[in-house]
Amino acid sequence: MARNLTNHILAVGLLAGGVVAFSPLSGCRKHSSQVASEVDEGLIADFTVRGRVVDLPDPARPASDFKVYHEPIPSWKRNHNQPPVGMNAMQMPFPPATPEVIEGVSVGDIVEIVFRVSYDADDGSLKGWKAIRVTQLPADTALVFDKPAPAPAPAPAPE
């Protein structure tokens, strides 16, 4: 019970700080993937995206976060029960699941991030996300930010 309450409080805090990043006009693209599975607290989906580190958490700056300017994510879903809407390239906070996730990472590094998104088990709505793995990539890795996410496929017409 206490764990679920803590998860709920964390998710609300994440959404309060990050919901603007997921506007209907947002979207993302290349080198991204999604895998979804059911867990006891609801639904989760893991997304992988590449980007450049913009900011790191700093105790001297309480508002600082682990922020990355990332490539588009075409498979992004704001609601687990809906088709993907995509997310454009943007600067976005990725709260680390543990401090070790971002150990050795510096501002300016090119990284690949696996982040876990939690969705409500009842209605599929977004609850929150966290970076579960960050891998440094070679400094000369080419990132693609200039192209918007492809338009999602239209939903099939109801019968």
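With a relative accessibility of 11%, L43 counts as buried, and that residue is a handy place to start walking through this predicted model. L43 belongs to strand 2. Take its C-alpha and look across to the C-alpha of H80: the two are 7.6 Å apart in space, although 37 residues separate L43 from H80 in sequence.

Let's step back for the overall layout. The protein chain has one helix and six strands, and reading from the N terminus the order is α-β-β-β-β-β-β. So much for the list of elements; now for how they pack. Of the chain's 159 residues, 39% count as buried. If you take the contacts between residues at least 6 apart in sequence, 67% of them join residues at least 24 apart. On the outside, the chain exposes about 9000 Å², with carbon and sulfur atoms supplying 58% of that area.

Now head for the interior. The largest nonpolar core has 26 residues, and the ones with the most contacts inside it are F66, W76, F94, I113, F115 and V134. Strand 2, strand 4, strand 5 and strand 6 (126-136) each supply at least two residues of this core. V134 is a good one to click on. Setting aside neighbours within four places in sequence, V134 is in contact with F66, V101, I102, V105, V111, E112 and I113. Two of the names in that set, F66 and I113, also appear among the core residues with the most contacts.

Charged side chains are the next stop. Side chains of opposite charge can pair when their charged atoms come close. In this model the count comes to four salt bridges. One of them brings together the side chains of D46 and R116, at 2.6 Å from N to O. This pair links distant parts of the chain, with D46 in strand 2 (residues 42-55) and R116 in strand 5 (residues 110-119), 70 residues apart. How covered are the two partners? D46 is buried, at a relative accessible area of 18%, which puts D46 under the 20% cut-off. R116, at 28%, is partly exposed.

Another spot to look at involves R61. This arginine forms a salt bridge with D55, the closest N and O atoms being 2.7 Å apart. R61 also forms a salt bridge with D58, and there the closest N and O atoms are 3.4 Å apart. Through these shared partners, D55, D58 and R61 are joined into one network. Burial varies across the trio: D55 is buried, with a relative accessible area of 12%, while D58 is partly exposed at 30% and R61 is partly exposed at 40%.

Last, have a look at E71, which sits in the loop between strand 3 (67-70) and strand 4 (90-93). Is this acidic side chain's residue buried or exposed? E71 is buried, with a relative accessible area of 0%. What does its side chain have for polar company? A polar atom of the E71 side chain lies 2.7 Å from the backbone nitrogen of V144.

Methods. Residues are numbered from 1 along each chain as its sequence is written. This is a predicted model: local features need pLDDT of at least 70, side-chain atom pairs count only at pLDDT 80 or more; totals for chains, interfaces and linings use all residues. Side-chain values use heavy atoms; hydrogens and water are left out. Helices (H or I, at least four residues) and strands (E, at least two) are DSSP runs, numbered from the N terminus. Buried means under 20% relative accessible area, exposed over 50%, partly exposed in between (1.4 Å probe, protein chains only). Contact means heavy atoms within 4.5 Å. Accessible areas come from the Shrake-Rupley method with a 1.4 Å probe; for residues, only the protein chains shown count as cover. A polar contact is a pair of N or O atoms within 3.5 Å; within protein, one must be able to donate a hydrogen and the other to accept it, and residues adjacent in sequence count only if both atoms are side-chain atoms. A nonpolar core is a set of buried Ala, Val, Leu, Ile, Met, Phe, Trp, Tyr and Cys residues joined through side-chain atoms within 4.5 Å.
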